[in-house]
Amino acid sequence: MAGTAMRPYVTSREDPESTSRREVPGVDHCLQEAMTIPGAVGASIVDYTTGFPVATTGAAPNADHEAAASGTAEVVQAANSRSLFVSAIPHDLLEDLIITTAGGYHLLRVVHTEFDSRLVLYVWLDRVRGNLAVARRQMQRLADELVAS
Amino acid sequence: MAATKTTAPGELLAQVAGERQTGALVVGGHPGGAVYVFEGRVIYAESPAAPGVGELLTSSGRLAGRTWQNALDLGTSTARVGRLLVEQGHLTQGELELCVLGATYDAAYFALTTASPTADFLPAATHWLGPVVHIDTVAVLREVQRRVKLLDDIFPNPRIDTHPVSPVARPPRERVTVTSLQWELLIHADGQRTPADLALLLGRAGYATIQELRRLAALGLIELPGVRTSESPDFVRLPQHRAEAAPAARPAPPAGEPPAVPVISGPPPSLPPPAPPPGEGNTGPNRLPRLARRKPGAKLPKELATENPPVHQGTDEVLLKRIRTALRALR
């Protein structure tokens, strides 16, 4: 489906140095890592201004990554603009949004890039196999590694 | 160079993608742009209305201008500027991919929604950035259409996207809440800069800029662009004569009446104004009180004599940036 087709792939892999730089993954690698989080059934990176899934992998609620992305964007925008949590203290930026349902966990982690972007890493976890604390820590690491120099 | 004309850019893009071609779809018009395809998939897009990867990375301070220029010098001829930046350790692969993805969708929106466009396909043309991401063309086309609809859901006035932005002088309500990007836009909007100018100046995505501007229009915080009859689509705009600047033809106050603002506390208003002192060059009987009020400036008579409209500062800066971008694109 379109979800896999729009996934970018990394082209530079022939130089020997790249093996030593395994810790700075590309977008695709980041999503693969996200799928190794215990209980993960789907993951995506969403542009929350437009509600567009920039990259996706695995399953999505109702098998529709685009609908999931626009829902994700609405939640992030609501938290960012229509609530007071993110503006209580100066420079207090939104980090995570966690939504729990009877069947699963939905974790959103804002990816802070230095250049202008509004991106969020979204991972959907199975409720029985997922562990909220572990997943949150791993997503924090992934989001940091994606953009850390 | 096989060139295909008079086709909608979107249709032509879908066609060349179906044939798995490699090249550049160049869209003429305003704002216009180009979409680069590699074996039928989109690898990059650029448009004057959307900051490119270089602008995004340098204006945010993520890369020094020198670093970016170095990568351009080294990698342009072999079309591997993006790869070089990662190999030299200036960017992570993730940052580069996210930046290219964002810039590509952003520019594709402007290139493919250009009003009355011309479309040419230049086979075998590649972009100096090199293939960093490969995006399904259908996904790009669908996303562009979705973004058009998103804007109209906010506030259906496409003139806001292209016309110079003027904040309203007085907000329509007592209490106003704006996001940080809205704040940035409001304080940099001066009645001269277009949304594209603001996006380039601030290093913000072009689509995010017009999205926030439509929201500001919906809130009543920016002026709605009026419909002008003589619409000139020129990219370089001459500074307009601004109403608040000193008008060259100043209407003389009605004779015999006191000035509206009590400037000189002197004789009672029933008396005629005092005659100008001899030898100062002031001829009109009404000139003296007004000039006396402006004394610290002391340059008004010259301004009144020369009818030059004030040259605006911001347009130079934006124009220079555009020229720089265009020169880089020629490399």
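A residue is called buried when its relative accessible area is under 20%. With that cut-off in hand, two helices of chain B can be explored in this predicted model.

Helix 8 of chain B makes a friendly starting point. Its buried residues are Pro195(B), Ala196(B), Asp197(B), Leu198(B), Ala199(B), Leu200(B), Leu201(B) and Leu202(B). Because 8 of the 8 residues in this stretch, 195-202, are buried, helix 8 of chain B is largely enclosed by the rest of the structure. Just after helix 8 of chain B comes Gly203(B), with a positive phi near 70°.

Helix 1 of chain B, spanning residues 9-18, has buried residues too: Pro9(B), Leu12(B), Leu13(B), Val16(B) and Ala17(B). These residues lie on the same side of helix 1 of chain B, because they cover an arc of only 135° around the axis. A general rule helps here: an α-helix has 3.6 residues a turn, so residues three or four places apart point the same way. The exposed residues Glu11(B) and Gly18(B) sit on the face of helix 1 of chain B that is turned away from its buried side. What do the buried residues of helix 1 of chain B pack against? Their partners in chain B are strand 1 (23-30), strand 2 (33-38), helix 5 (93-112), strand 4 (115-123) and helix 6 (137-154). Following helix 1 of chain B is Arg20(B), whose phi is also positive, near 50°.

Finally, the cysteines deserve a look. Cys30(A) counts as buried because its relative accessibility is 1%, and Cys99(B) is buried with a relative accessible area of 1%. Searching the whole structure turns up 0 disulfides over all chains.

Note on methods. Residues are numbered from 1 along each chain as its sequence is written. Chains are lettered from A and ligands numbered from 1 in the order in which they are written. This is a predicted model: local features need pLDDT of at least 70, side-chain atom pairs count only at pLDDT 80 or more; totals for chains, interfaces and linings use all residues. Side-chain values use heavy atoms; hydrogens and water are left out. A disulfide is a pair of cysteine sulfur atoms within 2.5 Å. Buried means under 20% relative accessible area, exposed over 50%, partly exposed in between (1.4 Å probe, protein chains only). Helices (H or I, at least four residues) and strands (E, at least two) are DSSP runs, numbered from the N terminus. The arc is that of the directions from the helix axis to the C-beta atoms. Contact means heavy atoms within 4.5 Å.
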